[in-house]
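User: I'm new to this structure and would like to learn how to read it. Could you walk me through some features, one at a time?

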Amino acid sequence: MECIVINGGRRLEGEVSVSGAKNAAVAIIPAAIAANDICVIENLPYIEDVDGLTKAMSQIGAICTLRDDHTLEIDSRNINHCCATYDSVRKIRASYYLLGVLLGRFGRAEVPLPGGCNFGVRPIDQHIKGLTAMGAKVNIEHGIIKARADRLVGTNVYLDVVSVGATINIMLAAIYAEGVTVIENAAKEPHVVDTANFLNILGAKVKGAGTDVIRVTGVSALHGGTYTIIPDQIEAGTYMVAAAITGGDVTVHNIIPKHMESVISKLGEMNCRISTGADFVRVRGNDNLTSVNVKTMPYPGFPTDLQPQMTALLCKAKGTGILTETVWENRFQYINELKRLGANIKVDGRTAVVSGEAGLTGALVNATDLRAGAALVVAALAAKGETVIGNVRYIDRGYERIENKLGSLGADIQRVDRLV
Ligand code: UD1
C-alpha cells in the first residue's frame, strides 16, 4: 500500500503549474459520446478518476487513446452497448454522466448507482426529475439506474437544489431532444461552463451556462472536435493554501484567476499577500495569519471541495475560525485524522469550530476521501516531524503526482510503499 511521507516545517517557495480540471474532465470525457465521431481532449489531468472513466468508456465501445502529452482521443463511432458495468464505475461519482449522454444519443442507458467520495447521502433525484420531465422512463433496479425513451422532448426543468451533476446530466440528455430544454436554478460552476463550451464546439446549442438559466436547443447531429480543458480550480486552491500554511511564497500558474476569487478573498482576509496576473496567482504567507469564518456555497461561493484544506489552514492561524458546510451533510469525517496531528476542532452538525495556533506535529493518518487527503497533506506540510498519510489512492483520484509538484516547491515529501 502506498503512503505519502512528509517531513513538515519547510517553507514552500517557487512556481507550480496546475493540471486540467478534474470535474470538467470527468464530464467532458463522457460528453464526447454525444458525437458519432472523434473528439480530442487536451490538458487532460492524469488522475485516477480519468483513468477509471476512460476504462468505463472503452467497455461500452468507445475507443480511447491516451497520448503522452495530456491528450485523449475518443472515437465514439462504434459504441456497441448502453450498459456500464458496476466494476467499471463503482469508484467514480461522475459515472452518472453516462446516463444522460447515452440516453440522449441512443434512447437507452443502464448505469450502476454512482460511487465516489462518501459525504453522507448523495441523492440523484434531481437528475431523474429532469430526465423524466423530458419523457424518459427511469427506474432503479438492483442498484442499476435504467433509463429509456422513444424520444426526448425539451421542457422546463426547475432544480430544487443547485446540483452540478443534475445540471450537466440534463444538458447532455437535451442535446438531441426535440425543441428547447430550459434548466432553471442551474449550477454555475466553471466545469458546467466548460462542458457547455465543449458541446457547443461539437455543434450543440447550449446557451446561458454560467448563469442560473441554461437553454439547450435540440440538434440532429454533432461532429467531432478538439477541446482544451480549463485549469483545476481546486488543485490551484490547494497549492495556494499550502503556500499560506507554510508561510511560503508560491506562484500558481495556468489558472483562471476569476475562478479563484472566493479563495483569494479568504486568504487576503487572513493576511496573506496575494497578487494575480492573466493566468497566475502569487500567494505569500507569513507567521501572522488570522482566523476567518468560511461558509461553503455553490459557485461563485467558497467551494466545498476546498473546505477540508481550509480547515487545515485555520489550525495554524491566530484565533478561532468557524467553518459552515452547506453543500454536503457529512463532510467533516477527516477531522478525526487532523486531530491526530494536534488539531483542536469541535464539530457540531454542519459546523466546525477551529481553534488556531494548534502546534501541529507529525503522526500516522489516513485519507478518508479525496479532499480529506489533500487537507492532511496541507496540514502535514506545516506539522513538526514526520507525517505518514495512508489511503493515497483517494488523493490520486484528483491530484496528478501531488508529491512531485509540492516537492518542486521545496516540500520534503515522498511516495513510499509502506503499511500504515
Ligand atoms: C460535484 C463535484 C463535487 C463537488 C460538488 C459540489 C463532480 C464530479 N463532483 O458533485 O466534487 O463537491 O459538485 O460542488 O463534479 N443533490 C440532491 N439531489 C440530486 C443531486 C444533488 O439533493 O439529484 C444535492 C446533494 O446532496 C448536495 C448538493 O445537491 O447536497 C450538491 O450536489 P451536486 O452539485 O449534485 O454534487 P455532485 O455533482 O455529485
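Analyst: We will go through sheets, helices, single residues and aromatic rings in turn. Please keep in mind that this is a predicted model.

User: Let's begin with sheets. What is the strand order in the open sheet of four strands?

Analyst: To read a sheet, follow its strands from one side to the other. Here the order is β9-β10-β12-β11, and the pairing is mixed. The strands at the edges are β9 (156–158) and β11 (205–207), each of which pairs on one side only. From one strand to the next, the twist averages 15 degrees.

User: In which sense do β9 and β10 pair?

Analyst: They pair in the parallel sense, over three bridges, with β10 covering residues 180–184. For a spot to look at on screen, find Asn156, which stands opposite Val182 in β10.

User: Which helix lies across these strands?

Analyst: That is α6 (residues 164–174), which lies across β9, β10, β11 and β12 (213–217). Its direction is at about 175 degrees to β10.

User: How do strands β14 and β16 pair?

Analyst: Strand β14 (residues 249–253) and strand β16 (residues 280–284) are antiparallel and share five bridges. One position to find is Thr251, whose bridge partner in β16 is Arg282. Strand β15 (residues 273–276) also runs antiparallel to β16, joined to it by four bridges. There, Thr276 has Val281 as its bridge partner in β16. A hairpin of three residues connects β15 to β16.

User: Now burial. Why is helix α10 described as largely enclosed by the rest of the structure?

Analyst: For a helix, look at how many of its residues are buried. Helix α10 (residues 307–316) has nine of its 10 residues buried, so the rest of the structure largely encloses it. The buried residues include Gln307, Pro308, Met310 and Leu314.

User: And for a single residue, is Lys266 buried or exposed?

Analyst: A residue counts as buried when its relative accessible area is under 20%. Lys266 has 16%, so it is buried. You will find Lys266 in helix α9 (residues 261–269). Leaving aside neighbours within four places in sequence, Lys266 is in contact with Val292, Asn293, Val294, Phe302 and Met310. Met310 is one of the buried residues of α10.

User: What about Pro300: buried or exposed?

Analyst: Pro300 counts as exposed because its relative accessibility is 56%, and the cut-off for exposed is over 50%. This proline is in the loop between β17 (294–295) and α10. With neighbours within four places in sequence left aside, Pro300 is in contact with Lys188 and Ser262. Distance along the chain and distance in space can be read side by side: Pro300 and Val388 are 88 residues apart along the chain, and their C-alpha atoms are separated by 34 Å.

User: Finally, the rings. How many aromatic pairs does a search of the whole structure find?

Analyst: The search finds two. One aromatic pair is formed by Tyr96 and Tyr97, with 4.8 Å from centre to centre and 75 degrees between the planes, an edge-to-face arrangement. Both Tyr96 and Tyr97 are buried.

User: Which residue has its charged end over the ring of Trp328?

Analyst: Here we look for a charge sitting over a ring. The residue is Arg122, and its charged end is 4.4 Å from the centre of the Trp328 ring. Another case is Arg393, which lies over the face of Tyr394 at 4.8 Å from the ring centre.

Terms used
Residues numbered from 1 in each chain as written. Predicted model: local features only at pLDDT ≥ 70, side-chain atom pairs only at ≥ 80, totals over all residues. Heavy atoms only, no water. Phe/Tyr/Trp six-rings, centres within 6.5 Å; stacked < 30°, edge-to-face > 60°. Buried < 20%, exposed > 50% of the residue type's maximum accessible area, 1.4 Å probe, protein only. Lys NZ or Arg CZ within 6 Å of the ring centre and 35° of its normal. Pairing = 2+ DSSP bridges. Helix = DSSP H or I, 4+ residues; strand = E, 2+ residues; numbered from the N terminus. Axes fitted to C-alpha atoms, helices over the stretch in contact; angles between N-to-C directions. Contact = heavy atoms within 4.5 Å.
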